[in-house]
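Visitor: I am new to this structure and would like a guided look at it. Could we go through it step by step?

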Amino acid sequence: MTTEDPRPASSAGERTPPAGHAAKSRPGGSGSQARAALCFLAPALLTLLLLRLLPAAMAVVDSLRHHSLVDGTTRFVGLANYSDLFADPQFWQSVRVTLLFSLVINPLQVLLALVLAVLFNRRFAGVRFWRSLVFAPIAVPPAVSAVVWGILYRPEGPLNALLGALGLPGQPFLTSPQQALYALIVLMSWVGVGYWMTFLIAGLQDIPQECYDAAAMDGANAWQRFAHVTLPLLRRPMSFVLVAATVSNFLVFAPVQLLTSGGPEGSTNLLMYDVFRRAYSVGDIHYAQAEVVLLVALTLAVVAVQYRLMQGKGEE
């Protein structure tokens, strides 16, 4: 009895090539893929270098210099600009105002965006229209929004007229040191909430329906499903919204310039406006660059804390 060779006849007398030989001999190897990926990424990397990294490096270098108005020369002064800033009470007031503004507006915007996202994620007549209506303010330039709200906040404006019709006293709004900052918070929330809502709606739509069905079978009511299913699975979109809103609100400038100019009594002198004032009103661009560096450092520190707090267990 003879045993047949199980290999095909054509390969019975041939040697089997090594496992990695075919992959190495193919023309589309890892080297060509890396070059192709680099070609696709080159425009974005070049833009990042020219519009982000290079200006940031120039700001750091300029913050270490000082321009003399007496002889018109610019000399290296090291950390002297930072020392002057830390000794400036107006700078610390601007820091306090900015932190208070961020502490109030960021949770407020995220909470309102979450409420609207949950509401408009449901199916009912006209839901697309209402989504578009809430999203519309972000399409309006910030300067235009500031002008519109400036009219609303006037002593003889529509808001005070409405308060008068309700039998309530008129409010000073932008002319009051106690109310001006919160008036800006309302304005910026009107602009930003609809935008952040769209990200949370996308996150809600990515949650599998099976998770809600399983929770309902276990006897969970609507609030328990929201607390134990929606919020945990929405952690990443909410983290992104919180961080993005924080960065955006640290850079608020146009409404302050158009409506309050940092007043009254410095109550709305946010850091971004203070940078503009030092650079173009006072005329010390290097001093302003030092404040820009500190603003970026403060923003990164706040964002790092937020990211750490929003990070789930076991996530890296």
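Guide: Let us begin at one residue. Gly283, just after helix 13, takes a positive phi of about 90 degrees. Helices (H or I, at least four residues) and strands (E, at least two) are DSSP runs, numbered from the N terminus.

Visitor: What kind of model is this, and how are residues numbered?
Guide: This is a predicted model, in which local features need pLDDT of at least 70, side-chain atom pairs count only at pLDDT 80 or more, and totals for chains, interfaces and linings use all residues. Residues are numbered from 1 along each chain as its sequence is written, and side-chain values use heavy atoms, with hydrogens and water left out.

Visitor: How many helices and strands are there in the protein?
Guide: The protein has 14 helices and two strands. Of its 316 residues, 33% count as buried. Buried means under 20% relative accessible area, exposed means over 50%, and partly exposed lies in between (1.4 Å probe, protein chains only).

Visitor: Back to helix 13, then. Which of its residues are buried?
Guide: Helix 13 covers residues 271-282, and its buried residues are Leu271, Tyr273, Asp274, Val275, Arg277, Arg278 and Ala279. What covers them includes helix 3 (80-86), helix 4 (89-120), helix 12 (254-260) and helix 14 (285-310).

Visitor: Which side chain does Asp88 meet in a salt bridge?
Guide: The side chain of Asp88 meets that of Arg278, at 2.9 Å, N to O. A salt bridge is a side-chain nitrogen of Lys or Arg within 4 Å of a carboxyl oxygen of Asp or Glu. This pair links distant parts of the chain, with Asp88 in the loop between helix 3 and helix 4 and Arg278 in helix 13, 190 residues apart.

Visitor: Which other side chains meet Arg278 in salt bridges?
Guide: Asp274 meets Arg278 at 2.9 Å, N to O. Both lie in helix 13, four residues apart, about one turn of the helix. An α-helix has 3.6 residues a turn, so residues three or four places apart point the same way. Glu291 also meets Arg278, at 2.8 Å, N to O. Glu291 lies in helix 14 and Arg278 in helix 13, so the pair ties together parts that are 13 residues apart in sequence.

Visitor: Is Glu291 buried or exposed?
Guide: Glu291 counts as buried, at 0% relative accessibility. Arg278 counts as buried at 5%. Salt bridges that share partners join Asp88, Asp274, Arg277, Arg278 and Glu291 into one network.

Visitor: What about Leu270? Where does it lie, and what does it touch?
Guide: Leu270 lies in the loop between helix 12 and helix 13, and at 2% relative accessibility it counts as buried. Leaving aside residues up to four places away in sequence, Leu270 touches Ser94, Val97, Thr98, Phe101, Leu181, Val252 and Val256. Contact means heavy atoms within 4.5 Å. The C-alpha atoms of Leu270 and Gln93 are separated by 8.9 Å, although the two residues are 177 residues apart along the chain.

Visitor: Changing topic: which residues of the largest nonpolar core touch the most other members?
Guide: In this core of 24 residues, they are Ala113, Leu114, Ala117, Trp196, Met197, Leu200 and Met238. A nonpolar core is a set of buried Ala, Val, Leu, Ile, Met, Phe, Trp, Tyr and Cys residues joined through side-chain atoms within 4.5 Å. Helix 8 gives the most to this core, with six residues. A second, separate core of 19 residues includes Ile105, Tyr153, Leu184 and Met188.

Visitor: How many aromatic pairs does the structure hold?
Guide: The structure holds 18 aromatic pairs. One of them, Phe120 with Phe124, is tilted, at 6.5 Å centre to centre and 40 degrees between the planes. Rings of Phe, Tyr and Trp (its six-membered ring) pair if their centres lie within 6.5 Å; planes under 30 degrees apart count as stacked, over 60 as edge-to-face and the rest as tilted. Phe120 counts as buried, at 6% relative accessibility, whereas Phe124 is partly exposed, with a relative accessible area of 34%.

Visitor: And which residues form the aromatic cluster?
Guide: Phe135, Tyr195, Trp196, Phe199 and Phe240 form one aromatic cluster.
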